[in-house]
Amino acid sequence: MVFAICHVAPAQAADVDVDNIRLWAAPDHVRVVFDLSDEVDSSVFKLDDPRRLVVDLKDTQLAFDPDGVDPEDSAIEALRTGRRNGDDLRVVFDLNRKIEPHHFLLPPTDQYGYRLVVDLDYPGEGALDEPVDPIAAMIRDQEMDAERELRQAEAEGASPSAALAKRDSQAKPHPKRDIIVAVDPGHGGEDPGAIGPSGTYEKDVVLAIARKVKAYISATSGFKAFLTRDSDYYVGLRKRTLLAREQKADFFVSVHADAVKSRGPTGSSVYALSKNGATSESARWLAESENRSDLIGGVDGNLDLSDKDEVLRGVLLDLTMTATMNESLSTGGQVLDKLGRINRLHRSQVEQAGFVVLKSPDIPSLLIETGFISNPGEEKKLRSSAFQEKIADAIGDGIIAHFRRHPPPSSLLAWQRDQGRGEGPDEYRVQKGDTLSQVAARHDVTMLALKQANDLSGDILRVGQVLKIPHS
Ligand SMILES: [Zn+2]
């Protein structure tokens, strides 16, 4: 920096030390964290030709050697530092692509002091390495829309059959779509999660298990899973549920490992969201400690936290949440049953508490505490690939078992189930060209009765779908 060289600085020590600069690379951004001895006045701005990002810190000096900072596979090529106005520090990042910077200061926590967090977002880049097939997502979206419309009609007091009569469309080809499962490894990057007695980080163990859950589910015909993070960086709690929504997930499962002060407790537990407070004191304590993640990891600076879904409000929200919660609890029971066959259960029932990460109104969600990382024996098990595999298969099996019982209408699983049916006197296999009103009239039942008998949430019929005919 030319001006830094020309300026003659008074020999006065700066107030704030930069003790370290750490870097976490994600697919759509890189997060740079300055560890500081105190609060700091900062300014962050971009320069072009060549592309650079400048971070100016007032009354600050470097207290470590920045040569060791590894820019990994990120937008940052290199970093340089220089003095400015005598007491100020300037850090310049040379960039290899277009970025949009955001920055915020985090207050001290148990693990860290003051931190300046600078996120370099990559415009146009997705947050996932492997997004879900857009066609599968679109079909699932239509299904969710239909469901939402129906609930809205119910909430507004309109007759669902009247709402349906307006859109009595012809049976559509069966899409035989995959059921989409979002697998969420807890913590990451700045936020190590719980730390075991021999130094194992929860964020590492749960990433390894989540990868195995994803592989197990995706290897099952009719299912596709994706990870909310597939590397060591932090994802804000609301961003995790947002990613599940964007990818049109049918199910969301967050993978964690428990810790308490005492080394005694062991075993797995399964949690669903509670609307009215935690089922037990320890469940509330756990939810509070997991929800602290955003304070440690740092929320996504660029994420709008306001609820965009104006429509999901009031009565409607309540109806949706209740249905979602029941589905979560039923799946949780399946997962708990499978986990109980391979590990001790810390809680023999699905517990409920106010985890932020479970607050999707319309995606059934679970949080799994795989085991106690604070127990030396279980910490060792959680590190072993064989045990991780067992846990992962149990989680996968529980979710798969739930969807085999209750496959969404447009899924391959629903189509497969219907192949062996449709010949009985009280059944009808949907043909090309059929509409719901025609099928109802032909069997002398009302559309509403037909819908209720088949638990049809939308108005879409699928060719090959088998309908139960209620007795009129
Ligand atoms: Zn956790």
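Here's a quick tour of three spots in this structure: a zinc site, a pocket and a threonine. Keep in mind that you're looking at a predicted model. The zinc ion is held by donors from His187, Glu202, His256 and Glu290, the second largest pocket takes up about 710 Å³, and threonine 60 sits in strand 5.

**The zinc site**
- The donor atoms are NE2 of His187, OE of Glu202, ND1 of His256 and, listed twice, OE of Glu290, and they lie 2.1 to 2.4 Å from the zinc ion.
- Read along the sequence, the donor residues follow the spacing H-x14-E-x53-H-x33-E.
- The two histidines link distant parts of the chain, 69 residues apart: histidine 187 is in the loop between strand 10 (179-185) and helix 4 (202-218), while histidine 256 belongs to strand 12 (residues 251-258).
- Both of these histidines, 187 and 256, are buried.

**The second largest pocket**
- This pocket is lined by 28 residues, and the closest to its centre are Asp110, Gly193, Ala194, Ser289 and Arg292.
- Strand 12, helix 6 (281-291) and helix 7 (293-298) each give two or more residues to the lining.
- Helix 6 supplies the largest share, with four residues.
- By type, the lining splits into 12 nonpolar, eight polar and eight charged residues.

**Threonine 60**
- Threonine 60 has a relative accessible area of 0%, so it counts as buried.
- Its side chain reaches the backbone oxygen of lysine 58 at 2.7 Å.
- Setting aside neighbours within four places in sequence, threonine 60 is in contact with Ala14, Val16, Val18, Val40, Arg83, Asp87, Asp88 and Leu89.

Terms used: Residues are numbered from 1 along each chain as its sequence is written. This is a predicted model: local features need pLDDT of at least 70, side-chain atom pairs count only at pLDDT 80 or more; totals for chains, interfaces and linings use all residues. Side-chain values use heavy atoms; hydrogens and water are left out. Donors are N, O and S atoms within 2.8 Å of the metal (3.2 Å for Na, K and Ca); water is not among the atoms, so sites may look incomplete. Buried means under 20% relative accessible area, exposed over 50%, partly exposed in between (1.4 Å probe, protein chains only). On a 1 Å grid over the protein atoms alone, a cavity is a set of points where a 1.4 Å probe fits but cannot get out, and a pocket is an open set with protein on both sides within 12 Å along at least five of seven lines; lining residues have an atom within 4 Å of a point. Grid points are joined across faces, edges and corners, and a volume is the space filled by probe spheres set on the points. Ala, Val, Leu, Ile, Met, Phe, Trp, Tyr, Cys and Pro count as nonpolar, Asp, Glu, Lys and Arg as charged, and the others, Gly among them, as polar. A polar contact is a pair of N or O atoms within 3.5 Å; within protein, one must be able to donate a hydrogen and the other to accept it, and residues adjacent in sequence count only if both atoms are side-chain atoms. Contact means heavy atoms within 4.5 Å.
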